[in-house]
Amino acid sequence: MSATLAELVARFGGELVGDGSRRVSQVAPLDRASADDIGFVAQSKYLAQLAGTRAGAVILPPDARDASDLPRILTPNPYLYFARVSAYFNPVPRPPVGVHPSATVAADARVAEDASIGPGAVIGAGAVIGARTAIGANCVVGEGATIGTDCLLHANVTVYHRCVIGDRAILHSGCVIGSDGFGFAPNEGAWEKIPQIGRVRIGNDVEIGACTTIDRGALEDTVIEDGVKLDNLIQVAHNVVIGAHTAIAACTGIAGSAKIGRHCTIGGAAMIFGHIEIADGTRISTNTLITKSLPRAGTYTSALPFSEHEVWQKNAVHMRNLDKLVRRVKELEKKIGELENKS
Amino acid sequence: MSATLAELVARFGGELVGDGSRRVSQVAPLDRASADDIGFVAQSKYLAQLAGTRAGAVILPPDARDASDLPRILTPNPYLYFARVSAYFNPVPRPPVGVHPSATVAADARVAEDASIGPGAVIGAGAVIGARTAIGANCVVGEGATIGTDCLLHANVTVYHRCVIGDRAILHSGCVIGSDGFGFAPNEGAWEKIPQIGRVRIGNDVEIGACTTIDRGALEDTVIEDGVKLDNLIQVAHNVVIGAHTAIAACTGIAGSAKIGRHCTIGGAAMIFGHIEIADGTRISTNTLITKSLPRAGTYTSALPFSEHEVWQKNAVHMRNLDKLVRRVKELEKKIGELENKS
Amino acid sequence: MSATLAELVARFGGELVGDGSRRVSQVAPLDRASADDIGFVAQSKYLAQLAGTRAGAVILPPDARDASDLPRILTPNPYLYFARVSAYFNPVPRPPVGVHPSATVAADARVAEDASIGPGAVIGAGAVIGARTAIGANCVVGEGATIGTDCLLHANVTVYHRCVIGDRAILHSGCVIGSDGFGFAPNEGAWEKIPQIGRVRIGNDVEIGACTTIDRGALEDTVIEDGVKLDNLIQVAHNVVIGAHTAIAACTGIAGSAKIGRHCTIGGAAMIFGHIEIADGTRISTNTLITKSLPRAGTYTSALPFSEHEVWQKNAVHMRNLDKLVRRVKELEKKIGELENKS
């Protein structure tokens, strides 16, 4: 696949500057691009990236119109434009339509005619698979689960019974949707299981990373709203609600019944306590533990700066006596005050 | 399925107050319950939850006998009672008995007649599957592994060769039992693999969460005792022993040869060093790193309170000079002492 | 399988002391060994481990020649020697050569004649499986992926399209190689997917733990060099490079485009920021967050020592006022100076 700059502008907008017949066939970072590639500079402050590039064309912000002699496309959001050109040049290969002979589809499952059910996949009784959706090899979709249209389940995904997934979802390998929440009642030193009778409900345009786990609700549903993006190895406990268009980086854990707002961004390995509420638009830093509700948007952090080991150890040990240190300072302040009064 | 309160009390005990012919068919939280639902109040301090409920009946602690006009059941542990009623109304659907035609069962595997082997499941040579146990779709049980009776392996579970799982285990999708421990001997700048020849031995009544990994022992076995409950995405390294009825929340890691006591509760994203021993009944907080043995039960913590990012940064940077700060305070104390002596 | 000490020395080197006809058939820790077992002491400082052992033979460092009356083998690296004897006594069972009838192999995939494709495994179009490589049950190898020779993919591994894995790799169950990196361009409050068109390239002699996820590159490849060992539940983001012979413990996360050096060791649950570079031979402690490049090898830490909960809380709260505390100390120093001048 290839396109001239004029064709790209016709398709994706933007202002063409220079030779519109320049033909490109792939996207590339500027420092590795060749004459068939188109690169981009996200913002004017990164224009130095243009130096020495061998790219055939470049996508620039409008205020960088004259920063290059290359044929170029000006657009307010070069990164987004680049993403779209990349998607155009690199369409996701969709597996062949139809049910692979090695798949197991329950007699009463409803699979769209133009859906694709891969080798070894298992579709449970009463499950629904929407139009143009591809279920990857060895995926398992439980009884009564519903998958929308234009979804892509990569290989080895598990969706438990009765869970609901919207349209255009992308689920990566190893992710698990709808496992039981972690609920037990203590009984004479042992734990007795609380049935987890809720579901997981996932909106439209959601992407879920590899080996990310989303537990079904205990009584009500766990809810992932439209446009949420979850990275790999994230734990979402039962009854959590994640608001629309929130993005969460890998290794993060969200405890039961937490309610995350819309348009939040949460860094990797963050941990969110259960039964708390986080305001729309909140940002949580990497490695940060959120222990109570955040009613106001803002950026929140509890991650420590590292040091060389010996230096760190010498400092960190005082954490165990910080309260004493504060009291010693208070005592000093008192004594100084007395001395000042005397003198 | 439905039951009158009188039937519930006949089955599960407790004291009936009010109309025993009241029929309910589901459990629900009080604020969402309808007339067919039974709700509960765990402890008297939560009795405010009764306000405005539309539940048909309620489970209460004995000291709340008069807190509601609803038909009610009094019991010392309402949460546990509720769990049992929920399990009664929501029985776990067991897949059909027998081996699915698409499963692969080794000729010399011993599968109980009333066990269920799901589509695409693979049972290795010499493996044993106990009575009434269900092996989910696309699970793989390795050579010589033993799974007890009444177990439920959800889809896409992997049990490595020779591992042993007791009765009534619940294993969630994506969990891996018996992968090699992380053992390598350094040899001239490279790593040489230490064979991991132990197994994983899991007791009775254990539940293991989605994508949790339990490594086999290097020489001896990794052991998970009876009644242990593990949440999702937990790492249990080789030769770890987890004592009976210990519960561990998601994203926790336990390093090699750690010995966790019985009846411990470990918060999410805790990290436990290897080769240490933790007393029975210990509680470890979320995000806490345990670096040495805990010979006495107690609650242990090393998690920091978060702040707004700018505030946090201003404070956290001093961690790198805490030792200097302590020495400055000591110096001040000395000087104050001298000044006090003089004055 | 069994061997005399003389046979072991002929095969693996070392100096035989005592009865070379002593026959052993297994390795064991000294405190559990019986007469058929051979044990080892890694270094002379651990010689106390010999007390009371019932082992039939022992591997010792040369300076411990006289520490035991047992038939013994002297070698500078007893642990390595022990690993090799263990590998000899415990060969990895290789599954039968050939394609299992329940596997699905694309017509144009190239599978070596002596490779093993397990039950339910799926090999995509154009994929290449090298000589003597075993693909475990229900694994999925995507279109155009290449797996080298002598590899062992345990059950339920997923390798995405076009990824490349070298020779002698060991991939544990649930690991995912080549899932999409987490890349999205913000667009009017929503996220638009950046196609991830790079691959994952893995060198020779790499081992990857259970449920570890390695994302494919956005434009260029994610690279795991020769001899790297990754434990379970590790996240490797897009465009990361991990240098040869680096070992990383479980639950660690590495953000996008980080470049980890060669011969590094990284403790469990470490988190590494994206777009940073870490020098060869660096050691990073458990639970440590690395926020910027480490141009010099060393050991780096940011993990805190735990305390009993109440003690910890009393101390940790001051983290939120550390900057104020520092300013109070500075103020005290100033006042003391003034008082000293006066007196």
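## Strands that pair across chains

In this predicted model, strand pairing crosses from one chain to another. E39(A) runs antiparallel to strand E40 (residues 307-308) of chain B, and two bridges hold the pair in register. Thr301(A) has Ser307(B) of E40(B) as its bridge partner.

A pairing between chains A and C can be found as well. Here strand E40 (residues 307-308) of chain A is joined to E39(C) by two bridges, again with the strands running antiparallel. Ser307(A) has its bridge partner in E39(C), namely Thr301(C).

## Where chain A meets chain B

How many residues does each chain bring to the contact between chains A and B? Chain A contributes 58 residues and chain B contributes 65 residues. On the chain A side, several elements each supply at least two residues, among them strand E21 (176-179), strand E22 (184-187), strand E23 (190-193) and strand E26 (213-215). Strand E38 (289-290), strand E39 (299-301), helix H3 (309-316) and helix H4 (322-342) of chain A also supply at least two each.

Which element gives the most to this side of chain A? That is H4(A), with eight residues. Sorted by class, the side of chain A that touches chain B holds 27 nonpolar, 22 polar and nine charged residues.

## Where chain C meets chain A

Turning to the contact between chains C and A, 58 residues come from chain C and 65 residues from chain A. The chain C side draws at least two residues from each of several elements, including strand E22 (184-187), strand E39 (299-301) and helix H3 (309-316). H4(C) is the element that gives the most to the side of chain C that touches chain A, with eight residues. The classes on this side of chain C come to 27 nonpolar, 22 polar and nine charged residues.

## How chains A and C are related

Chain C can be laid on chain A by a rotation of 120 degrees, with 0.0 Å of shift along the axis and an RMSD of 0.1 Å. The two copies are therefore related as by a three-fold rotation axis.

## Domains and two loop residues of chain A

Chain A divides into domain 1 (3-89), domain 2 (98-300) and domain 3 (309-342). Taken over C-alpha atoms, the centres of domain 1 and domain 2 of chain A are 37 Å apart.

Two loop residues of chain A are worth a look for their backbone angles. Arg132(A), in the loop between strand E13 (128-129) and strand E14 (134-135) of chain A, has phi near 60 degrees, a positive value in a residue other than glycine. Ala269(A) sits in the loop between strand E34 (265-266) and strand E35 (271-272) of chain A, and its phi is near 55 degrees, a positive value in a residue other than glycine. Are these residues buried or exposed? Arg132(A) counts as partly exposed because it has 19 C-beta neighbours inside 10 Å, and 20 or more would be needed for a residue to be buried. Ala269(A) has 31 such neighbours inside 10 Å, so it counts as buried.

## A parallel sheet in chain C

In chain C, ten strands make up an open sheet with parallel pairing, in the order E9-E12-E15-E18-E21-E26-E29-E32-E35-E38. Why is one side of strand E9 (104-105) and of strand E38 (289-290) left without a neighbour in the sheet? These strands of chain C stand at the edges, and each has a single partner strand.

Within this sheet, strand E15 (residues 140-141) and strand E18 (residues 158-159) of chain C run parallel and are joined by two bridges. Val141(C) stands opposite Val159(C) in E18(C).

## Strand E6 and helix H2 of chain B

Strand E6 (residues 57-60) of chain B pairs in the parallel sense with strand E5 (residues 37-40) of chain B over three bridges. E6(B) also pairs in the parallel sense with strand E7 (residues 72-74) of chain B, over three bridges. Ile59(B) takes part in both pairings: Ile59(B) is the bridge partner of Phe40(B) and stands opposite Ile73(B) in E7(B). From E6(B), Ala57(B) and Ile59(B) point one way, Val58(B) and Leu60(B) point the other way, and all are buried.

Helix H2 (residues 78-89) of chain B has twelve residues and reaches 16 Å from its first C-alpha to its last, close to the 16 Å expected at 1.5 Å a residue. H2(B) is mostly covered, with nine of its twelve residues buried. The buried residues of H2(B) include Pro78(B), Tyr81(B), Phe82(B), Arg84(B) and Val85(B).

How values were computed
Residues numbered from 1 in each chain as written. Chains lettered and ligands numbered in written order. Predicted model: local features only at pLDDT ≥ 70, side-chain atom pairs only at ≥ 80, totals over all residues. Helix = DSSP H or I, 4+ residues; strand = E, 2+ residues; numbered from the N terminus. Expected span 1.5 Å × (residues − 1). Least-squares fit on C-alpha atoms with pLDDT ≥ 70 in both. Domains from an automatic or database assignment. Contact = placed C-beta atoms within 7 Å. Nonpolar A, V, L, I, M, F, W, Y, C, P; charged D, E, K, R; others polar. Pairing = 2+ DSSP bridges.
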